[in-house]
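Colleague: Could you take a close look at the empty space inside this protein for me? I'd like to know what lines it and which parts of the chain contribute.

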Amino acid sequence: MASSIPQLPLRDELFLLGHDDDTGHPHIHRQALALGLAGAVLIDLFLAGRIALDTSGDTGPGEEQRVWLHLDHPVGDLIADTALASIRYAHPALSLRGWLRGFADDLYDRTRAGLHAGGILRHDVRRRLGGLARTDRYLPADLKWPVVARARLHYIAAGRDQPDNHTAALGGLVATLGLTNHLYLADDIAALTVQLRTIAAQHHRQVRDITAAVDAAVGDLATAAYR
């Protein structure tokens, strides 16, 4: 089933898994999800050979790392190419975590708009109180999209498929953002989270570093909220 349907960009699959299929409500804070989306964009660019991280001995994980262009060539995706341009013109001192925070600023809305324009999401309006109250919702136009994304995670977690880089990265982001309990894949959520993190850890170091930077940026967001 999963192989017969085109694979969406990592950010789009993460967006779908970050929302309730029936209500369209996000499972986590929109800003936290946007940071995950920014990480997903960067991971896709890395897997496409467009960017790399500074892994010299003078830098450490997370905030101290820098992202730089490895191949300055468009991908053909509006959001991805915007990310490439932002990296191209970024201040040399801008950290990986700083880039994630800056690029995430309006990424939630841009990702949703792209999914709507592509026919993956449909716009739904609910009216209450005799039409005085209006609620705008964006729901999957076809449930195959989130279902297939969940199925790929289920297959690798169950050992039925060998994890590709894309699906391993998706599992790592899902686990990092605390979305595992919304996958409806297992009763033991803690074990599934550990399993997805373990699978993700077996793949590219740079993907792990980007995911760790997302985790740190979300932590910064939570700390700021409690000040």
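Modeller: Here is a walk through the fold and then the cavities and the main pocket.

Bear in mind that this is a predicted model. Its mean pLDDT is 90, and 91% of the residues reach 70 or more. The stretch to be wary of is residues 57-63, where the pLDDT is below 50; leaving aside near neighbours in sequence, that stretch has nine contacts in the model.

First, the frame around the holes. The protein has nine helices and four strands, and from the N terminus on they run α-α-β-β-α-α-α-β-β-α-α-α-α. The radius of gyration is 18 Å, close to the 17 Å that the globule rule gives for 227 residues, so the protein is as compact as a globular protein of that length. Along its principal axes, the C-alpha trace spans about 60 × 40 × 40 Å. Of the 227 residues, 45% count as buried. Looking at contacts with a separation of 6 or more, 64% come from residues 24 or more positions apart.

Now the closed spaces. Rolling a probe the size of a water molecule over the atoms shows where empty space is left. In this structure there are two cavities of 30 Å³ or more.

The largest cavity has a volume of about 50 Å³. Its lining is made up of F15, L16, H19, D20, D21, L121, Y138, L139 and P140. Two elements, α1 (10-17) and β4 (133-140), each supply at least two of those residues, and β4 gives the most, with three. By class you get six nonpolar residues, one polar and two charged. The charged pair is D20 and D21, and the polar one is H19.

The second largest cavity holds about 40 Å³ of space. Around it sit I5, P6, L8, E13, K144, W145, V148, A149 and R152. Helix α6, residues 144-157, gives the most here, with five residues. The lining divides into six nonpolar, no polar and three charged residues, the charged ones being E13, K144 and R152.

Then there's the open space. The largest pocket contains about 250 Å³. It is lined by 14 residues, and the closest to its centre are Q31, A34, R101, A104 and D105. Three helices, α2 (30-47), α5 (107-117) and α9 (205-225), each supply at least two lining residues. The largest share, four residues, comes from α2. As for class, the pocket lining has seven nonpolar, one polar and six charged residues.

One last stop, away from the holes: R127, in strand β3 (residues 121-128). R127 is exposed, with a relative accessible area of 53%, so it clears the cut-off of over 50%. Not counting residues up to four places away in sequence, R127 touches A133 and R134. From R127 to P74 you cover 53 residues in sequence and 42 Å in space, C-alpha to C-alpha.

Conventions: Residues numbered from 1 in each chain as written. Predicted model: local features only at pLDDT ≥ 70, side-chain atom pairs only at ≥ 80, totals over all residues. Heavy atoms only, no water. 1 Å grid on protein atoms, 1.4 Å probe; cavity = no way out; pocket = protein on both sides within 12 Å on 5 of 7 lines; lining within 4 Å. Points joined across faces, edges and corners; volume = space filled by probe spheres on them. pLDDT = per-residue confidence, 0-100. Contact = heavy atoms within 4.5 Å. Rg over C-alpha atoms; globule rule 2.2 N^0.38 Å. Buried < 20%, exposed > 50% of the residue type's maximum accessible area, 1.4 Å probe, protein only.
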